Amino acid sequence: MKIAIVGTGYVGLVTGTCFAELGAEVTCVDTDTSKIDRLQHGDIPIYEPNLKQLVEKNHRAKRLHFTTSLPEVLPEVEIVFSAVGTPPDEDGSADLRYVLQVAETIGRHIDRYLLVVTKSTVPVGTAAKVRAAIQAQLDARGVQVPFDVASNPEFLKEGNAIEDFMRPDRVVVGTDSERAKELMTKLYKPLLLNNFRVLFMDIPSAEMTKYAANAMLATRISFINDVANLCQAVGADVNQVRKGIGADSRIGNKFLYPGCGYGGSCFPKDVKALIRSAAENGCRMKVLEAVERVNERQKRILFEKLAARFGGAKGLRGRRIALWGLAFKPGTDDMREAPALVLIDQLTAAGAEVVAYDPVAMDEAKRRLKGKIAYATDAYGAALDADALVLLTEWKEFRLPNWELLKRAMRGRVVVDGRNIFDRNELRSLGFDYFGIGV
C-alpha cells in the first residue's frame, strides 16, 4: 500500500516511519529542502527514542522516501495524510493556512481517486474546509475527480511516540464514506492483529475527540496543581492525597502528578484552540479557561519559592541557580511552552546567574535563549557553587543523585523540586532546605 505524509515534523515523521515499519511504502513530503536533505542522509531533526534507527532501517529497505514535491507522488499513492503544523494564531485559534495549502495543491493535481486524511490537530469543521478547498481547485480545472476526506487524529506522547503508534489505546477515524472506511481499515489492519480498537465515527466527532482528550488531561494536571497549592496552605501532603484519590477506580492516578505546570506542543495549544472554537460558536468553556489560568500561575510557583527563601526577588540578585532539566517533559528535546522558559525569564530579570543541564534539550535551549544562561556538561557541573538547585524535568538520571557529592559541590543548601521526585525527609536529614509542590 502506498501512502504520502505531508509534513515531516513530530507527528508526520513518526507516523510515516511507523507505517513504513508495518510494511507500507511511504513518502514523506516537506517544502523545507534542507530538512528533506537531512532526512535523506539519516539526520533526524527531532529527538524521539528509537526514531533514528527506524528511519534509517526503513529508508534502506526503500519503504520510506523523502521529497519536496507532493504533485510528483500523487499519481502513485492511495492515501495522503496531512500532518502539517497548525500553530496558534494571536487569538488562540488554530492557524489552518498550511492545512488548506496542502488541500489546494491536491486539488490542482489529482487525476484519480484519493483519500485525504487530516492527521494534524484541527478544529471541528476543518475537514469540510479541506473538502471545499480541493473541490474549488477541481472546479477551476473544470474536471471531476472523486475523492474522500477523513479525520485520523494522533494520540502520540512525546518520548513514547513509537510505542503509542504500534500499541495504541485506540485509533480514532472519522469518515463519511464506505470507501474511505475500507481504505483506513486496510491500512491499520497490521495493528488489528493485536485486537486493539479502531473507533470509526463521523468526521466532526473525530475532530472533537482529539481536543476533548487533551483538554481532559490538561484539566487533571491543573486540578491536582490547584489541590497541591491548597495542601501546602493547610498542611496536607499532596503526594498522599494523590494516592488516596487515585485509588478510586472512577478517577485513577494517571495525569494526577503535581508539578510546575504542563507545556509542550499539544496541551497549551489545544486548550487555547478549544476555548476559541467554543467562543466562535457562541459557547464558553469556563472550566478550560480556569485550567489555562491555573497552569500559567503554576509555571511561576518555583520562582516564588526561591524568592521567598532568599528574602524576596531582590535577594536573588547575584545568586547562582542550577536548573536540572529544560525540556517540558522527559524523553524529548521539545521546549515549547516549557516551565523552564518562564523560570529562566524570571530569574534573569531578577539578576540571578542561571546554569542549566538537560540530557537532550540543551541545543534547543541554546537556539531559543541566545546566550541568556550558561550550560554545564552534566548535572553535577550545573550544581557547582550553586546557591540553589531546581528540578524542572524528571529525567531518570536525576532521580537518584549523590547528595553528599552535591553538598560538597553546592555553595548553598536549597533544593526546589518542581516534580516531587525527591525524598524530602532524606534531604532535610542531610541538611538541605527542601521545597516541593504541595508538601
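**Helices H9 and H11, then a pocket**

In this predicted model, helices H9 and H11 lie roughly perpendicular to each other. To see this, select residues 203-234 for H9 and residues 267-280 for H11. Their axes come within 9 Å and cross at roughly 115 degrees. Angles from 65 to 115 degrees count as roughly perpendicular, so the pair is given that description. Look along the crossing for its hand: H9 passes H11 in a left-handed crossing.

Next, show side chains at the contact. On H9, select Met208, Lys210, Tyr211, Ala212, Asn214, Ala215, Leu217, Ala218 and Ile221. On H11, the partners are Phe267, Asp270, Val271, Ala273 and Leu274. Colour this set by class: 11 residues are nonpolar, one is polar and two are charged.

Keep H11 selected and move to the second largest pocket, to whose lining H11 gives four residues, the largest share. Add helix H6, residues 126-141; H6 and H11 are the elements that give two or more residues to this lining.

To centre the view, pick Pro123, Val124, Lys129, Ser277 and Glu280, which lie nearest the centre of the pocket among its 14 lining residues. The space in this pocket is about 220 Å³.

Finally, colour the lining by class as well. What does the lining of the second largest pocket have by class? There are six nonpolar, five polar and three charged residues in that lining.

Conventions. Residues numbered from 1 in each chain as written. Predicted model: local features only at pLDDT ≥ 70, side-chain atom pairs only at ≥ 80, totals over all residues. Heavy atoms only, no water. Axes fitted to C-alpha atoms, helices over the stretch in contact; angles between N-to-C directions. Parallel < 35°, antiparallel > 145°, perpendicular 65-115°, else oblique. Left-handed = near helix turned anticlockwise from the far one by under 90°. Contact = heavy atoms within 4.5 Å. Nonpolar A, V, L, I, M, F, W, Y, C, P; charged D, E, K, R; others polar. 1 Å grid on protein atoms, 1.4 Å probe; cavity = no way out; pocket = protein on both sides within 12 Å on 5 of 7 lines; lining within 4 Å. Points joined across faces, edges and corners; volume = space filled by probe spheres on them.
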